[in-house]
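Here is a friendly walk through one protein model, from a single residue out to the whole fold. Keep the structure in view as you read.

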Amino acid sequence: MSDDFDLLETNSQEKPEKVDVNWGKAIDQMKSKLAQEDDPESRQKILNATLDNVVDMAEKDRTTLLDAIKDLTDYQDEVGIMFEGFSALNAAEQKIIDDAVKRLERAKVELEDAKAKPDTWWNNLWGRKSKIKKAEDELAAAQKQRDGADNKAKAMFQQRIETADVQTLLNELSFKSQAAIKRLKDRELEIKEVEESLKSAIVEASNNHTKALQKKEEVEAKLEEQYALLKQARQALEEVADKQSSEYSEALEKVTGLEQKVEELEGLKNAYTTLAASKDSFVHKHNLTIKVLTSLRSNLQTHRAKLKSDTDERLKYYDGYVVALKARTDQEFAAILEHLGVKTDEHIGETLAAMHTASAKARQEMMDNIPVHEKVMQGIYGSYAEALKDIRSKDAEIQKNFADRYGIDMKEIFDEYYSADPNAPSGDGEPSGEPKPEANEDDLLG
């Protein structure tokens with residue numbers, strides 16, 4: 001099996017970064033929220049699903065992801081995980097942190113340069129001390145900016161994901177999973193390092209246990225020897241008859257010295273006995289600790305391997321989910337277009353039908369209005385004929401008057417005048433019948 005496929009591989013030359021863990025209620029809170037996601041009506045939702053229902057379910061997915069990411073962000077604070085290493089920051093959020101880091105590094109260098117100048121009267125004259133003070137102030141301000149950069153970037157991040165779509169939230173969750181994989185591996189390496197140190201401690205404690213037992217045996221041998229000498233000295237002290245003599249004093253002094261020696265050896269014996277017991281106890285404690293750490297490391301290995309493998313698969317799963325959401329949107333869009341198309345067809349059909357109906361009605365109205373027009377025209381022609389009759393009567397009187405007065409026959413003049421109008425009616429009354437239109441080549445109905 002190749003190293004690339006070895007999900008359980010732990011060995012690394014990199015030293016894991018030590019993180020102070022401040023365990024709080026974050027885990028319990030997250031588990032509690034996840035437990036609340038059980039929905040007994042999920043089957044009914046699937047059975048009765050429509051595209052609109054899916055929109056609501058997808059929005060619930062987004063809300064659940066958003067809550068989970070918020071909880072993870074709060075959790076990483078409680079366990080001491082660096083924010084910028086555990087969240088996918090965009091360019092603006094990352095720039096806040098990068099600018100703060102660069103400013104802090106620059107301030108440190110400027111302070112070192114200012115302090116590096118020799119403390120001479122000439123340099124002090126040219127503002128060495130003021131430059132150092134200014135550099136120290138800048139360093140303090142830069143440190144303050146760096147300390148607040150994470151919180152500022154985090155606030156921007158939280159505000160951004162409030163309105164983020166599902167794909168952005170899934171990417172964030174995947175990023176956190178990748179960061180967690182690295183964190184788990186670093187923890188495994190840290191445990192393994194402690195295991196190795198405990199193994200060395202076991203060997204050292206075992207050696208000290210052996211040495212303590214050896215020393216204890218040596219002390220016990222000396223103690224036996226001193227006990228024998230003390231017994232003899234006490235017997236000799238009892239055999240001295242004169243309790244006031246120098247012989248008795250010397251014998252008593254010898255007994256006292258031996259008793260002191262025995263007491264010291266008893267103390268050493270107890271010390272080595274206690275030391276041997278302590279080292280033996282720590283051998284067992286270290287051994288138990290190694291077993292526990294090995295078990296924990298094994299569990300971490302399992303979680304990391306599964307998380308790494310599942311994250312790779314989950315990315316594909318998420319891609320499918322996102323594409324499905326987009327397809328649902330496209331399907332809804334197509335349905336909207338189809339609906340709009342149908343409605344447009346209906347409206348155009350209504351308009352065309354209205355046009356046809358209006359045209360037919362206009363034709364009927366036109367036909368209905370023909371007799372009205374004829375009646376009007378009859379009135380016009382009647383008035384015209386009446387007017388001509390009056391005119392001709394007056395013409396006759398004028399002719400007669402001219403003939404009587406001037407001897408001029410005006411009848412021929414007037415007849416010639418009227419003969420010039422081919423449509424002129426006869427002088428004896430109204431025109432008979434309606435005038436008929438003449439046929440011509442422009443007749444559209446011909």
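## Starting from one alanine

A135 sits in helix α6. This is a predicted model, so every value below is computed from it. The relative accessibility of A135 is 7%, under the 20% cut-off, so A135 counts as buried. Leaving out residues up to four places away in sequence, A135 touches E110 and L111. The C-alpha atoms of A135 and E112 are 8.8 Å apart, with their positions 23 residues apart in sequence.

## How α4 meets α6

Two packed helices are described by the angle between their axes and the distance between the axes. For α4 and α6, the axes come within 8 Å and cross at roughly 165 degrees. An angle over 145 degrees counts as roughly antiparallel, and α4 and α6 are therefore roughly antiparallel to each other. The crossing in which α4 passes α6 is left-handed. What is the contact of α4 with α6 made of, by class? It has 18 nonpolar, two polar and 14 charged residues.

## The nonpolar cores

The largest nonpolar core holds 21 residues, and L65, I161, L169 and L170 have the most contacts inside it. At least two residues of this core come from each of α3 (51-78), α4 (91-116), α6 (128-162), α7 (166-239) and α8 (246-406). Which helix gives the most? That is α3, with five residues.

L170 shows some of these contacts in detail: residues up to four places away aside, L170 touches L65, Y318, Y321 and V322. Apart from the largest core lies another one, of twelve residues, including L230, V240, Y248 and L258.

## Three residues along α7

Helix α7 is a good place to look at single residues. L173 is found there, and so are Q226 and N208. The table sets out their accessibility.

| Residue | Relative accessibility | State |
|---|---|---|
| L173 | 19% | buried |
| N208 | 23% | partly exposed |
| Q226 | 11% | buried |

The cut-off explains how L173 and N208 are labelled: buried means under 20%, so L173 at 19% is buried, while N208 at 23% counts as partly exposed.

Which residues does L173 contact, its neighbours within four places in sequence aside? They are L65, I69, L72 and Y318. L65 and Y318 are also touched by L170. From L173 to A68 the C-alpha distance is 8.6 Å, although the two residues are 105 apart in sequence.

For Q226, again leaving out residues up to four places away, the contacts are L258, K261, V262 and L265. Of these, L258 is also among the residues of the twelve-residue core.

N208 can be placed by its distance to S278: the C-alpha atoms of this pair are separated by 9.7 Å, and the residues lie 70 apart along the chain.

## The whole protein

Stepping back, the protein has nine helices and zero strands. Read from the N terminus on, its elements run α-α-α-α-α-α-α-α-α. Of the 446 residues in the protein, 23% are buried.

How much of the contact set joins residues 24 or more positions apart? Taking the contacts with a separation of 6 or more, such residues account for 84%. The contact of L173 with L65 and that of L170 with Y318 are good places to begin tracing contacts in the viewer.

Terms used: Residues numbered from 1 in each chain as written. Predicted model: local features only at pLDDT ≥ 70, side-chain atom pairs only at ≥ 80, totals over all residues. Heavy atoms only, no water. Core = buried A, V, L, I, M, F, W, Y, C linked by side-chain atoms within 4.5 Å. Buried < 20%, exposed > 50% of the residue type's maximum accessible area, 1.4 Å probe, protein only. Helix = DSSP H or I, 4+ residues; strand = E, 2+ residues; numbered from the N terminus. Contact = heavy atoms within 4.5 Å. Axes fitted to C-alpha atoms, helices over the stretch in contact; angles between N-to-C directions. Parallel < 35°, antiparallel > 145°, perpendicular 65-115°, else oblique. Left-handed = near helix turned anticlockwise from the far one by under 90°. Nonpolar A, V, L, I, M, F, W, Y, C, P; charged D, E, K, R; others polar.
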